[in-house]
Amino acid sequence: MSTASVHEYTADLIVRHRGAPARGVVVLDLAHPDGEDLPRWQPGAHVDLILGEGLTRQYSLCGDPRDSATWRVAVLLDPNSRGGSQHVHDKLYEGDVVQVRGPRNHFPLVDAKRYRFVAGGIGITPIMAMAENVHRAGGEWTLLYGGRTRGSMAFADDLADRYPDRVTVWPQDEQGLLDLDALLGEPEEGTLVYCCGPEALLNAVEDRCAHWPEGSLHIERFAAKTPTIEPGAGSLDRFQVVCQRSGVTLDVQAEDSILELVEAAGIPITTSCYEGVCGSCEARILEGVPDHRDSVLNAQQREASDVMLICVSRSCTERLVLDL
């Protein structure tokens, strides 16, 4: 995993095409207005849409990674929208311009003998790119795709038509909850499970995969997992953060966010969600032991403690030195 950089690609892109692949979902094809190539990306990557008025939202890239001219995102209108998805649905049409930053990938596709993909609702966006990438490479995979209704499931018909032997579309109003026991009841050697969707689905998949070999399950969350706000063993209420490159030392109190103190000190860093979900504020650890409270890093990355997300995480040592 690479540390997010303040120098990462940012550009004003134009909406070349807007579509509606499902009820409540819009898909945008974004391109450089001068026809310049966009940075390459790998399945699992997302970009930030910088929407103005303090709104920055992350959306998975769901197009073809081989297409250097276009970035495609699909956005579900959240009934409890805090402004992001509402802005996309109401204000971004063909010909409009939006500032985009990225791509960034904290949900990478790892090489494996076999894949079991599970998607719920708009969680199909990163999963679809992964499945198509594995298929082009001749790999073995299946996809179980659930949603409330068939009409709300973006790209469902297209995926089922293209991969009838690999894709199972499972609308809840027709078939009930996903049969995760049948799919994940017994561990499969050399198999990785990738899942993206609402929290209830992620929790259920985590539960079914508890007896699978460590590292078998890879998930991506839309929102912070509740336990991440709980302090870890040895977490300190007060500690110092040394920003090595900037020569700044910060005194962090119990109520402080490391990220907010870093920003207040004028130290450049990419920010977005402030909830430990997007991964944009990742910082490299040079010294000290962090208390990870994010919803991005996996168990191996937490154990290695090479990086941390400073928006929500804290410290287990009195001094934490970061490459900032």
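Which residue in strand 8 is the bridge partner of valine 118? In this predicted model, that partner is leucine 144. The report below begins with the sheet to which this pair belongs and then turns to a second sheet, a helix, the cysteines and one serine.

## The parallel sheet

Strand 7, residues 114-120, and strand 8, residues 140-147, pair in the parallel sense over 7 bridges. They belong to an open sheet of 5 strands, whose order is 9-8-7-10-11 and whose pairing is parallel. Strand 9 (167-171) and strand 11 (217-220) stand at the edges; each has a single partner strand, so one side of each lacks a neighbour in the sheet. On average, and with direction ignored, neighbouring strands here are turned by 15° against each other. As general background, the strands of a sheet pair through backbone hydrogen bonds, in either a parallel or an antiparallel manner.

Two helices are described in relation to this sheet. Helix 2 (residues 124-136) lies across strand 7, strand 8, strand 10 (191-196) and strand 11, and it runs at about 155° to strand 7. Helix 6 (residues 199-208) packs on the sheet, where it touches strand 7, strand 10 and strand 11. The direction of helix 6 makes about 160° with that of strand 10.

## The two sides of helix 6

Which residues of helix 6 are buried? They are Leu201, Leu202, Ala204 and Val205. These residues cover an arc of only 165° around the axis, and therefore they lie on the same side of helix 6. A general rule is useful here: an α-helix has 3.6 residues a turn, so residues three or four places apart point the same way. The buried residues of helix 6 pack against strand 7, helix 5 (180-184), strand 10 and strand 11. The face turned away from this buried side carries the exposed residues Ala200 and Asp207.

## The antiparallel sheet

A further open sheet consists of 6 strands in the order 4-3-6-1-2-5, with antiparallel pairing. Its edges are formed by strand 4 (55-60) and strand 5 (71-76); because each has a single partner strand, one side of each is left without a neighbour in the sheet. Neighbouring strands of this sheet are turned by 40° against each other on average, direction ignored. Within it, strand 1 (residues 10-22) and strand 6 (residues 97-104) pair in the antiparallel sense over 5 bridges. Leucine 13 has valine 98 in strand 6 as its bridge partner.

## Cysteines without disulfides

A disulfide is a covalent bond between the sulfur atoms of two cysteines. The count for this model is 0 disulfides, with a cut-off of 2.5 Å between the sulfur atoms. The table gives two of the cysteines.

| Cysteine | Closest cysteine sulfur | Relative accessibility |
|---|---|---|
| Cysteine 62 | Cysteine 196, 11 Å | 4%, buried |
| Cysteine 243 | Cysteine 281, 13 Å | 0%, buried |

For cysteine 62, the distance of 11 Å is too far for a bond. The 13 Å found for cysteine 243 is likewise too far.

## Serine 257

Where is serine 257 placed? It is in the loop between strand 13 (248-252) and helix 7 (258-264). Is serine 257 buried or exposed? Its relative accessibility is 13%, and it therefore counts as buried. A polar atom of its side chain lies 3.3 Å from the backbone nitrogen of leucine 259. The side chain of serine 257 also reaches the backbone oxygen of cysteine 311, at 3.2 Å. When neighbours within four places in sequence are left aside, serine 257 is in contact with Ile310 and Cys311.

Terms used: Residues numbered from 1 in each chain as written. Predicted model: local features only at pLDDT ≥ 70, side-chain atom pairs only at ≥ 80, totals over all residues. Heavy atoms only, no water. Pairing = 2+ DSSP bridges. Helix = DSSP H or I, 4+ residues; strand = E, 2+ residues; numbered from the N terminus. Axes fitted to C-alpha atoms, helices over the stretch in contact; angles between N-to-C directions. Contact = heavy atoms within 4.5 Å. Buried < 20%, exposed > 50% of the residue type's maximum accessible area, 1.4 Å probe, protein only. Polar contact = N/O pair within 3.5 Å; in protein donor to acceptor, adjacent residues only side chain to side chain. Arc of directions from axis to C-beta.
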